[in-house]
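Me: I'd like to go through this one by asking about it piece by piece. Can we start with the fold of one chain and work outwards from there?

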Amino acid sequence: MAVRPVDVVADVAEVHPAERWWAAVRDFCRRRPLGAIGAAVVALNILVALTANLIAPYDPLATDYGAMLARPSMAHWLGTDAYGRDVLSRILYGSRTAMIVGFACAFVGATVGAVIGVASAYFAGKLDLLIQRVMDIFLAFPLIILALAVVAILGTGMTNVILAITIPMIPRAALVTRSSALAIREMPYVDAARAAGFRHGRIILRHMLPNVMAPYLIMLTAFLGQAILLEASLSFLGLGVSEPTAAWGLMLRGAAVQFAETAPWMAIFPGFAISLAVFAFNLFGDSLRDALDPRLRTQ
Amino acid sequence: MNRRAVVIALLIGLAAIPAIAQEKPRSGGELVFVVPSEPPSYDAHQEETFGLIHPMAPHYSTLLRVDPFDKTGTKPVGDVAESWTVSRDGLVYTFKLRHGVRFHDGSELTSKDVKASYDKILNPPAGVKSLRKDAYLAVQAVEAPDPYTLVVKLKYPETSILLNLASPWNWIYKADLLAKDPRWYEKNVMGSGPFVFVEHVRGSHWVGKKNPNYWDKGKPYLDGYRALFVKDSAAQVAAIRGERAMIQFRGFSPAERDSLTAALGPKITVQESPWDCVLMVAMHHDKKPFSDKRVRRALTLALDRYQGSQALSKIAIVKEVAGIQVPGTPYATPPAELEKLAGYGRDIKKSREEARRLLREAGVPDGFSFTFKNRGIPMPYEPVGVWLIDQWRQVGLNVRQEVIEASAYHPMLKRGDFEVAMDFQCGFVVEPDLDLPRFMSHSDANYGKHKDTVIDDLISRQGRVTDIEERKKILRILEKRLLDEEVHILYTLQWHRIIPHNSKVKGWTITPSHYLNNQLDTVWLAE
Amino acid sequence: MIPTLLSVAVLVFFLMRIVPGDIVELRFAGESAFAQKENIDKERARLGLDQPLWKQFIGWMAGLLRFDFGVSMWTGAPISEEIRLRFALSLQLAIMATLVAIVLAIPLGVLAALKQDTWVDYVVRIFSIAGLATPSFWLGIVFILLLLIVFKWLPPMVYTPFWVNPIQNLAQLIWPALAVGYRYSAVATRMTRSAMLEVLREDYIRTARAKGLWEKLILSRHALKNAMLPVLTVIALEFAFLMGGLVVTEQVFNLNGLGMLFVDAVAHRDYTLTQALVLLVAFMFIFVNFLVDLAYAWIDPRIRFR
């Protein structure tokens, strides 16, 4: 595995940062159309989450016992659910839950995990082994099992769900970043930097972190998708957010499965919303990584 | 000659009518049914779950049982008891037992065995639980003066004792086996019922075969039965749909019934009945603002029970609008009377206006928020919870739902760690004496912690009155005080039992309880 | 390996007892919402829950040393039996899903790398990402719906072991295997693609520009071995997870597997069963991890520690 280290210090900015950014974005869109599409969908999702109360045709909690399980029609574009609530409105509001949970879990999980992983790789020796052991213990539990355990202790509800999803993510992030950071640690220039007396912090920040940027960003986007999926799974099992909150996973539960044959729109649309959101995050992350990973730069 | 031929023809004709009207039971065949859960142990005196009753009840007899042909499930008839007499003061019940009832090992069942079984229930030895001990507080002693006579002596007259003794949980065990090891029945089967135990494969099935020496000659009709343990309801529906199983004795949801009838048409027969289970709303009387009975009254006035019944019965296993007794049973309040109680009126607008007014008076601001705790079981807790929150919204209450896992729910209720929470009750037979004691002020099940001596008095009084009409009067007064004047508790909607089964299954009548009518001796299979 | 397992054992033991909820209350409250204290106490004594914590712990650890997991607190059946009933199904599903994943991931990943930035690459990437994005339980619902509506057929609901009736066995398990395998192939496809790309960047392959794609592939095969390490790691680790983590999939497809057993055990607060299951899954994971570490050390001398 040939690794070409990137020395951030040598990268001199000649152009104004804002222009550099804009050029990078244009370049990205041109060269990686898939990623651009993904990014657009992500932006759309965020927009919907922010403006749900403006664009939703109905109150997501408003029941209509006269129109239970109604087919998609002009009045209800995506039909109604078992209580007569508008499916479209609930999906739009559901994106709020998804985005909040997704971003919170992904950022906290990936960042905390990355810091732990890099520190562990950098300091090596006993500390590394200890952290490895602790991470191993958490890794030994499947994601959903750990999430279940946290929910069992803390109870259901949005904040607890975020915690339940973040905690299992941290060791995974640590594992991935550690293996990337390990390869860097062995590089001669890191030894040189240490010999030159650079502080630990500077070495970590300037030399090691940039080289784990690629896996970090991939992880971030992957975690975003995974968090949304996990929240949906937990809600589906009845351990996530509770009724009558609008949440995609919650919409797939109970009546949606029971009436799947006679009212399939209840199960199809929320599932589609989940898939689309996660798909977009991953598409974007995939292309982002291709763009940023120095090892794959097709100069 | 001519006249005689006419008479004979008439007789034949008359004989034919009942034969057409009621098919003759056919012997033979194996009944295959699905059971959602497995028996944790084999001792009915120590268990609470239908997962024990459904596969195992056919192995045992009881002293009395609830008439399997009575749809209200409230008539006691003899099982091992052939007949009984009651003393004039209502304190001594003398039962004459049948002769020739045999355990499956050949030994005869006598009053000694009945007494030993009841002694175990009323006074369990150390280390042995008895879950229904408290139901027999009125019983002073059970005696067996001779092998075919059992005497039950009461401390005070209790109208419901016969029905209580017809409990499906009071299996008669062999006295000798109990004497050797009172815990023998936790892991073993030895009964006198219509079916003999064949095998139990954990996680898979339970098999029983016909008892050739059953006391009721000619019965059982079936050659045997096989209970398949299938946890998931979708899998149960699939089994019945694919005709791999014929019936499930607990109940299905409306959606499941509809999919079965749509798929199998006339091959499916649906039996429905109000269910002896109900969800109630407990309000903590020591926590503001629920200590104020105006607020409690507002909570019940907000509920449009009739619309809820219509709507929820399409998606959940609830239906009937009920008070303290299951509709259709002897002590249930007639609907016209029920409408007079708070929250049961037909004019929902008026009710909700009054609710808003009461809340204002009590100082509860519009948009007031509180947490409603619900049990983490999908059906029907979720739909009823969603409905309750929606209804309370209509009177300006902003309710958050917190779902508590089932295993932590009961401890939460006991601790009183709630403002408003879902309460629930299931019984095996509809009897005020079984349904009401929980509302006594000192009862462990009084989670709302109300203290009302009038209610306590009414509850004990109604149990000792022997005249039915008199008893009904007291129950009406009790209901009014409980649900309307003091609003100690809210009844939501009665559960609704739906049993879609293969049309071949005959001789089984639905009752309000899924613990009743499971001995399978009256069941037969058509061609 | 042993210290980690021990730590997991201790962690899960105390974790379970911190979690609120009580198996006895749940058992007896059942559907009627109240149970007498006397009966609750008796049952707790029977289950050994009234003993001081340290005693319970020692008792359990002692049992473990004899490979005796004890009995399930909920059903009373030996835990080894409870697990045995579900083990075959979970194992088979895990194997089938992994096979699906490998069959999808490796060829697709290699193809995408060879044809980078062409429409082939795009299609493969979209296909694999869709697998990551789709919730497997939703996929399951859709599968069953399709089978029902289009073919009017439902997969068998009861598990038959492969050696008893292979057709029925596969008829039941192929659908969840596809749903799960498709998901797991996604990550592996991506990693295969990036591994292959790295290898293709190697100078000696780039300079072989005159040769065709096929030649490049053959030249790469040695370097590919190294590059495939992360891919195999991921596949191996996911396999360990497949054994106990397929909770939602099992629910949707009505499979009597270890995932559902685990959820039930936790829901019932069945301490002994939960502890045993967690240990089992942890053991599998740690063991696989250990094997992977060995493989790493053997293949790449630079990453040899200790």
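Me: Which pattern does chain C follow when read along the sequence?
Reply: Keep in mind that this is a predicted model. The secondary structure of chain C comes to 14 helices and zero strands. Reading along the sequence therefore gives helix after helix, and the pattern is α-α-α-α-α-α-α-α-α-α-α-α-α-α.

Me: What percentage of the contacts in chain C with a separation of 6 or more is between residues 24 or more positions apart?
Reply: Chain C has 306 residues, and 44% of them are buried. Among its contacts with a separation of 6 or more, the share from residues 24 or more positions apart is 70%.

Me: Which helix of chain C gives the largest share of the side that touches chain B?
Reply: On that side, 30 residues of chain C are in contact with 31 residues of chain B. Two or more residues come from each of helix 2 (23-29), helix 3 (37-47), helix 5 (79-114) and helix 13 (258-268) of chain C. The largest share is five residues, and it comes from helix 2 of chain C.

Me: And how many residues on the side of chain C that touches chain B are nonpolar, polar and charged?
Reply: We're still on the 30 residues of chain C that are in contact with chain B. Split by class, they come to 13 nonpolar, 10 polar and seven charged.

Me: How many of the 11 residues of helix 13 of chain C are buried?
Reply: The buried ones are C:Leu258, C:Gly259, C:Met260, C:Leu261, C:Phe262, C:Ala265, C:Val266, C:Ala267 and C:His268. Helix 13 of chain C is largely enclosed by the rest of the structure, because the buried count is nine of the 11.

Me: What comes right after helix 13 of chain C, and is it buried or exposed?
Reply: The residue that follows is C:Arg269, in the loop between helix 13 and helix 14 (271-299) of chain C. Its phi is positive, about 55 degrees, although it is not a glycine. Most residues other than glycine have a negative phi. With 26 other C-beta atoms within 10 Å, where 20 or more is the cut-off, C:Arg269 is buried.

Me: And C:Phe67, is that one buried or exposed?
Reply: C:Phe67 also isn't a glycine and has a positive phi, near 60 degrees. It sits in the loop between helix 4 (53-65) and helix 5 of chain C. There are 7 C-beta neighbours inside 10 Å, so C:Phe67 counts as exposed.

Me: Over in chain A, is helix 4 parallel or oblique to helix 6?
Reply: The axes of helix 4 (residues 125-139) and helix 6 (residues 158-185) of chain A come within 9 Å and cross at roughly 130 degrees. Helix 4 of chain A passes helix 6 of chain A in a left-handed crossing. The angle makes helix 4 of chain A, relative to helix 6 of chain A, oblique.

Me: How do the residues of the contact of helix 4 of chain A with helix 6 of chain A divide into nonpolar, polar and charged?
Reply: From helix 4 of chain A come A:Met135, A:Phe138 and A:Leu139, which meet A:Pro168, A:Pro171, A:Arg172, A:Ala174 and A:Leu175 in helix 6 of chain A. By class, that contact has seven nonpolar, no polar and one charged.

Me: Which helix gives the largest share of the largest nonpolar core?
Reply: That core has 336 residues, and those with the most contacts inside it are A:Ala147, A:Ile165, A:Phe223, A:Ile228, B:Leu31 and B:Val281. Leaving aside neighbours within four places in sequence, B:Leu31 is in contact with B:Leu222, B:Tyr225, B:Met246, B:Val505, B:Leu520, B:Val523 and B:Leu525. The largest share of the core is 19 residues, from helix 8 (residues 200-237) of chain A.

Me: Which element of chain A do the buried residues of helix 7 of chain B pack against?
Reply: In helix 7 (residues 254-264) of chain B, the buried residues are B:Pro254, B:Ala255, B:Glu256, B:Ser259 and B:Leu260. Within chain B they pack against helix 6 (233-241), strand 12 (268-283), helix 9 (305-315) and strand 17 (489-502). From chain A, the element is helix 10 (255-258).

Me: What is omega for the peptide bond from B:Lys219 to B:Pro220?
Reply: B:Pro220 is in the loop between strand 9 (205-210) and strand 10 (224-229) of chain B. The bond is cis, with omega near -5 degrees.

Terms used:
Residues are numbered from 1 along each chain as its sequence is written. Chains are lettered from A and ligands numbered from 1 in the order in which they are written. This is a predicted model: local features need pLDDT of at least 70, side-chain atom pairs count only at pLDDT 80 or more; totals for chains, interfaces and linings use all residues. Two residues are in contact if their C-beta atoms, placed from the backbone, lie within 7 Å. Helices (H or I, at least four residues) and strands (E, at least two) are DSSP runs, numbered from the N terminus. Ala, Val, Leu, Ile, Met, Phe, Trp, Tyr, Cys and Pro count as nonpolar, Asp, Glu, Lys and Arg as charged, and the others, Gly among them, as polar. Axes are lines fitted to C-alpha atoms, for helices over the stretch in contact, and angles run from 0 to 180 degrees between N-to-C directions. Angles under 35 degrees count as roughly parallel, over 145 as roughly antiparallel, 65 to 115 as roughly perpendicular and the rest as oblique. A crossing is left-handed if the near helix is turned anticlockwise from the far one by less than a right angle, and right-handed if clockwise. A residue is buried if 20 or more other C-beta atoms lie within 10 Å of its own, exposed if 12 or fewer, and partly exposed in between; C-beta atoms are placed from the backbone. A nonpolar core is a set of buried Ala, Val, Leu, Ile, Met, Phe, Trp, Tyr and Cys residues joined through C-beta atoms within 7 Å.
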